[in-house]
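Here's a quick tour for anyone opening this one up cold. Have a look at the chains first, then read on for how they are built and how they meet.

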6 protein chains.
Amino acid sequence: MEALSELEQLLDHHGSRFLEVPRSKTPSGISLVGVPYDGTTSYRPGTRFGPEAIRAASIGLETYSPEQDADYTDGEVVDLGNLDVPYGGATPVINQVREAVGAIVDLDGIPLVLGGEHSITAGIVEALVARYPDLLVIQLDAHADLRDGYLGEHYSHASAMRRCLDALGEGGQLLQVGIRSGERAEFQELRESGRWLPASAEQLHSRLDEFSGRPIYVTLDLDIFDPAYFPGTGTPEPGGIDWATFAALLRTIPGDRMVGADVMELAPQLDTSGVSSVLAAKATRELIIKIQSQG
Amino acid sequence: MEALSELEQLLDHHGSRFLEVPRSKTPSGISLVGVPYDGTTSYRPGTRFGPEAIRAASIGLETYSPEQDADYTDGEVVDLGNLDVPYGGATPVINQVREAVGAIVDLDGIPLVLGGEHSITAGIVEALVARYPDLLVIQLDAHADLRDGYLGEHYSHASAMRRCLDALGEGGQLLQVGIRSGERAEFQELRESGRWLPASAEQLHSRLDEFSGRPIYVTLDLDIFDPAYFPGTGTPEPGGIDWATFAALLRTIPGDRMVGADVMELAPQLDTSGVSSVLAAKATRELIIKIQSQG
Amino acid sequence: MEALSELEQLLDHHGSRFLEVPRSKTPSGISLVGVPYDGTTSYRPGTRFGPEAIRAASIGLETYSPEQDADYTDGEVVDLGNLDVPYGGATPVINQVREAVGAIVDLDGIPLVLGGEHSITAGIVEALVARYPDLLVIQLDAHADLRDGYLGEHYSHASAMRRCLDALGEGGQLLQVGIRSGERAEFQELRESGRWLPASAEQLHSRLDEFSGRPIYVTLDLDIFDPAYFPGTGTPEPGGIDWATFAALLRTIPGDRMVGADVMELAPQLDTSGVSSVLAAKATRELIIKIQSQG
Amino acid sequence: MEALSELEQLLDHHGSRFLEVPRSKTPSGISLVGVPYDGTTSYRPGTRFGPEAIRAASIGLETYSPEQDADYTDGEVVDLGNLDVPYGGATPVINQVREAVGAIVDLDGIPLVLGGEHSITAGIVEALVARYPDLLVIQLDAHADLRDGYLGEHYSHASAMRRCLDALGEGGQLLQVGIRSGERAEFQELRESGRWLPASAEQLHSRLDEFSGRPIYVTLDLDIFDPAYFPGTGTPEPGGIDWATFAALLRTIPGDRMVGADVMELAPQLDTSGVSSVLAAKATRELIIKIQSQG
Amino acid sequence: MEALSELEQLLDHHGSRFLEVPRSKTPSGISLVGVPYDGTTSYRPGTRFGPEAIRAASIGLETYSPEQDADYTDGEVVDLGNLDVPYGGATPVINQVREAVGAIVDLDGIPLVLGGEHSITAGIVEALVARYPDLLVIQLDAHADLRDGYLGEHYSHASAMRRCLDALGEGGQLLQVGIRSGERAEFQELRESGRWLPASAEQLHSRLDEFSGRPIYVTLDLDIFDPAYFPGTGTPEPGGIDWATFAALLRTIPGDRMVGADVMELAPQLDTSGVSSVLAAKATRELIIKIQSQG
Amino acid sequence: MEALSELEQLLDHHGSRFLEVPRSKTPSGISLVGVPYDGTTSYRPGTRFGPEAIRAASIGLETYSPEQDADYTDGEVVDLGNLDVPYGGATPVINQVREAVGAIVDLDGIPLVLGGEHSITAGIVEALVARYPDLLVIQLDAHADLRDGYLGEHYSHASAMRRCLDALGEGGQLLQVGIRSGERAEFQELRESGRWLPASAEQLHSRLDEFSGRPIYVTLDLDIFDPAYFPGTGTPEPGGIDWATFAALLRTIPGDRMVGADVMELAPQLDTSGVSSVLAAKATRELIIKIQSQG
């Protein structure tokens, strides 16, 4: 079997996975899982290709983060691959997501979900609330996503946070950071609810004081970034944040209380220069290291 | 009101419509209608933008066809615009298509549907069979589309012809021209059924003899063209036809017996050079003139 | 006629227009009109496709502006479509623009012109000065556009502001905001004239005090934005503004004194990711709501 | 000056020119000259970038033609660079072209013009007819180009052959090969005039017998190629020729009687894959070698 | 461990591999291996991304081939992933390729190599000749590749066949099919050697008679296809074959004598519409099934 | 020779060169030279096309800089064209670069090198240190480039600054500005060495005080810019600078002490909108004028 061992040495052992994170079928530590679904996307589809694009773009990144002075190879991370989702309406997909995230949590993994469209987050939050009834969800997003169903779809991408609010119920809590687009009624609710924050690290920091000790879930709709920084998304909205603002927001969040995160709405077909995929991959790396950190 | 009439003379009166075909809300003669739906597309979506791309590309074409020596401005044609379809599963969309095509036929219009994905054709054929029980459907396509449901969707794009066969029942008939991709079982059925023809004008001509006098519906899945000629589609399949072959196939079909047609599966986001939209627009023009012709 | 009314309910009623603004042939309130002309563009042409791209991209936007807390469906707006301009030299186009804008003003409409290249603005300003001799023109732009003719063309895109100065004469006034490119002679004139301002809301605000009560026209050459935010233009110039700066500039302008505006120099063929068209559409929305506002 | 000679050896000596053809300001043998003009283009502009794209793409080609078994470095060829044309209307450009081609002919050069839009050909033919009153022009094209002016422009790209017919007068002659798009009136003229040939080497060969001994000019509108082979053009028209057909047509033309040629209508911005520029460069190489040949 | 098994059922088990071919580290039957190397590419690089693009595009294909009426899931196929090649000069890469292919052959695998640039083929042929001294190499290609080194590189992509000839020595044999570009000296050698064939199934069939019973290696440089069918390659050469011609050539080759094959020169960055990757994937599928066949 | 002089007046005299800088084979004043090399690029290649893209994009710029209030046509500048570099490993290329820059310096030219990949800078610095042993190198970059060889290549792009440090030895000095990506070990060295500065004009200004009077070389790796501003590069890294920050950094550098500069890592194939090439050209213009200035 000399030929075999010789051959194995010549092959690379990457395949399709996030950077140097090993593929595994068993959750362990931070557990990446892709959800290639964009079935309710009303304008320009394509986020179904998001998870693979994030993995492919990660090859241009280092494993070390100068911002957090840490290397994620120090901690435990696996890449579970993608859920095998059906096409068509959202409900069966949300059910699968809820089940899969529930299983990851049962096996003491920390889910880090790569989307796919934002409707998916409802399924994740539903699974996490079952374990963490006092969950605090921090939404980083351009859009309010507070419609109560959209074009006949209960779990629409435009209803993502309405469904999360349903799941959080009385015990949970939502902070909506950076929202800059929606209907008049959505903004009226945002203003009255006290859930709306500008994309400011100072303001997020002071609001987080109210929720000390509670488990935190971060849902990152990448369209919070300005289209200059992140053109590759279905509904770009001018006036968004840059990378430095995102890094500052992340610094305010205590990583040791994070019980999951997601990175949503990359549509790589619209990302002609490839920079959006790279940004999504870097955001994923920073979230991994943040969760691994003690603060 | 001199200013008003002066202004009206300065404005163009095109708007978004096929070439010089007037927009109208009332069917009259050949009645174009777009169906911007791609909800069951399993690989690369985007045909929802097909109808508008066909209209936009038509501006580079003449209204006169040298191949048929006729100008479609000689006959009656209107552009009804697009159906206002929901997202998600296919069934409600198919229902709308069936209803709309039924209404067009009731008003003595001849439907020419611009897709959108191929699943839509089932709704059109269901409406036409109600009027023309002995309908002959000529499918120009790369894919067999004979799966009985796909990924849990009854009206899937991969089941388009299975659903048409359901609708045609005993009285109707299907000819499947140019099919070059499918599962082993689909090709076994194709071979045994006698419905399968190569993309040959001679063979189509001789088969049409069997069905003399019957009303004809032509469903054109544009991926029958080789990807060289038509790159802008979700599932390109090498080995397809060129324009001359399409023109020859069309010549064999008696236009005065055509009771409708469709032009499906243009995904303009994948058509980086724009030539697919132009081809789809030219195919639409040729179908219009063919229906207007007396032979 | 049941079939007819049923069919009408199934059709969408959008067509090609800005968001939910109705198409009309009669000016009424704010009156959008496109001028698809790029005949004097010396480097990379394509702004002739700007008006349609702005309309198409508007579908991804809301009608409500959180920045101004207003919805433009509250006011009167119509979309007149495009002028039917000839190709070749600029003079006949400018004549048409002058005539059309004159007619809109005569009918008490407020023109909001979608370009097309910047040379067009001369025709608009000529028409407005006839009605408002003390017009103040606020130019938001990267380029000085002060050449006295360029490559043999009197109404060149490089002469747009020279021609506006001609039209404004003694009574009118020009402020040139954000200019960062030109010949040495142009910048000498900018510095000496007192017309040059940095892209600063504070400085614009304080300069506007000098002109209280005068009618205002805003000409927005979209290349004032940095190419990061607005790549889709013929002559991108690094060092421009971001969306927040534009929004701040707009806040300083009293909307109730605005008698017109334009949005120029979108070249959608160069906008491979589509974000430039979205930005242009959002700028158009904000200008509409600004004009509708009382301050 | 050792450093200088050392440096010169390290530099490449290509610059921007066609393959290994030297840049020169003096015509000598076959004389390439670019005309970067697209001012009357009514649909999608960009052929102004054609000449440089042909030069840039030539780097991927060999100087040797297997089809003609000859290498163009065997003969005399220079690249004069581009004419310095104004923007706007066509007339001053046509005047420049006529003057420049006249000068090349006076200096015993053979003009090979790289476009730019097809209107330019009128200026070339006007200059050549002055020297060769019995000139035979062979047009390879998709479009008839027989309109008598278009959108108010005498020398429009849509009138290119109408203007050539004017120049040829009684003594000259035109053959229109491969035309497949035009208005009804243009095709009526084509059919009646006897000038229209299909893109068939056999038919071109037999027609050429009628004009034995006469000087020949070949005007190649690259849109004669099918858009599959040549997507990079403003008005692609499905149904065109492939490379083998072009090579066969070229074989029928006696190169020793050719007194000039042009290669028109490459719009490289629309050529996203770059294959159109390569085809245009290869066609240019084959024309050079054809003119150099003795048959 | 219920959660675990539940989760495994939700995950897809594809990852990055060719269609439904399982990833494996051990050769078994037909053994796919990628070589992501383009270090000597002199014009437009990017074939290093070829192997992954072929795998990604395979998702749009069926496993069944109507042309060969066979499904490759019937036979034994594995995907070994990619060699982990260094950058820079070709020699160390060729050494790795020779070693890896040697190991595959030692383990009774049949190598099917996905490139990468054509220089790689020399390493494959060197390994195969050690086992099969009477090897017949059938080159399907646009370029002669007979330069003896190029730009100082012994194993250059322009020398691929010169190096194969070295390896084949007296015992082996080369047939060069479809060559249409090269220097004069290369074509002189092609004509004199008797190795040159047009891309004609008839001629290939009759030449194969001379070599009955000998083991066959097929090296497919995808640029044998016309750029219309295969734009995604560094040095496109107009005048190539279409899919039907490739299929006909393949039919003439006895699959049961094939001891390996390669699919080279896909540069997916240049393949803006994605059709080249699909064609490369379909060619790979057809080669797999051909090798599995008994004729 | 009237025809000749007439013709010369009609031709433009630009060719391929930077803006209005004349092509020359003899260095004189600031001497631009391109190095089209990307042989060690490990991820996405294409910087070999950088020099020509910078020249082509310069046509959209003015020769006058408002920021520096100077026009570079006031000083002496020539464009030497490109080095004729081999492919494959870096060492022979670095040798050529060292030789060429040495020759330029010997002839009292000031080298301004257009890349190509960053490894090239080592050759330039080696040549300059021979003349200026106390050289201060200011690196503007996203990546530390401090690996000691990478993938077996001594002069790798990932080792560019390691090799510069070798060349600078004891007498020279390096400042590394804006670095935001690297391995843990590289950042440990950055922090300990005192060579690392944030991209802050204030901090650069204060550090420059330490090195008063010493000759300065500026190496600009364009990926210091955020990918929003500069998408066209092989390894984009989110979190970079904008144009205003670059301009501020440049203002702190005394131009009269600059003995050379480079502009590296533009990969125009990845720059789908063209804005990266324009930014690179504007940075080149600003560097020229900075060197020409007295402060």
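Buried area is the accessible area, taken with a 1.4 Å probe, that two parts lose on being put together, summed over both. With that in hand: chain B and chain C bury about 2500 Å² between them. Keep in mind that this is a predicted model.

**One chain on its own**

- Chain A has nine helices and ten strands.
- The radius of gyration of chain A is 18 Å, close to the 19 Å that the globule rule gives for 295 residues, so chain A is as compact as a globular protein of that length.
- Measure out the C-alpha trace of chain A along its principal axes and you get spans of about 70 × 40 × 40 Å.

**Where chain B meets chain C**

- On the chain B side 29 residues are in contact, and they touch 29 residues of chain C.
- Carbon and sulfur atoms account for 67% of the area buried between chain B and chain C.
- What about salt bridges between chain B and chain C? The rule finds zero of them across this interface.
- Residue pairs in polar contact, with both at pLDDT 80 or more, also come to zero between chain B and chain C.
- Three elements of chain B give two or more residues each to the side that touches chain C: α1 (2-10), β4 (77-82) and α3 (91-106).
- Sorted by class, that side of chain B holds 14 nonpolar, seven polar and eight charged residues.

**How the two copies are related**

- Turn chain B by 180 degrees, with 0.0 Å of shift along the axis, and it superposes on chain C with an RMSD of 0.0 Å.
- The two copies are thus related as by a two-fold rotation axis.
- Which residue of chain B comes closest to the rotation axis? That's Ser16(B), with its C-alpha at 2.5 Å.
- The copies meet through the same surface, because 100% of the interface residues of chain B are also interface residues in chain C.

**Where chain E meets chain A**

- Here the contact takes 29 residues from chain E and 29 from chain A.
- About 2500 Å² is buried between chain E and chain A, and carbon and sulfur atoms give 67% of that.
- The count of salt bridges between chain E and chain A is zero, and the rule finds zero residue pairs in polar contact there (both at pLDDT 80 or more).
- On chain E, at least two residues of the side touching chain A come from each of α1 (2-10), β4 (77-82) and α3 (91-106).
- The residues on that side of chain E divide into 14 nonpolar, seven polar and eight charged.

Terms used. Residues numbered from 1 in each chain as written. Chains lettered and ligands numbered in written order. Predicted model: local features only at pLDDT ≥ 70, side-chain atom pairs only at ≥ 80, totals over all residues. Heavy atoms only, no water. Contact = heavy atoms within 4.5 Å. Salt bridge = Lys/Arg side-chain N within 4 Å of Asp/Glu carboxyl O. Polar contact = N/O pair within 3.5 Å; in protein donor to acceptor, adjacent residues only side chain to side chain. Helix = DSSP H or I, 4+ residues; strand = E, 2+ residues; numbered from the N terminus. Nonpolar A, V, L, I, M, F, W, Y, C, P; charged D, E, K, R; others polar. Least-squares fit on C-alpha atoms with pLDDT ≥ 70 in both. Rg over C-alpha atoms; globule rule 2.2 N^0.38 Å.
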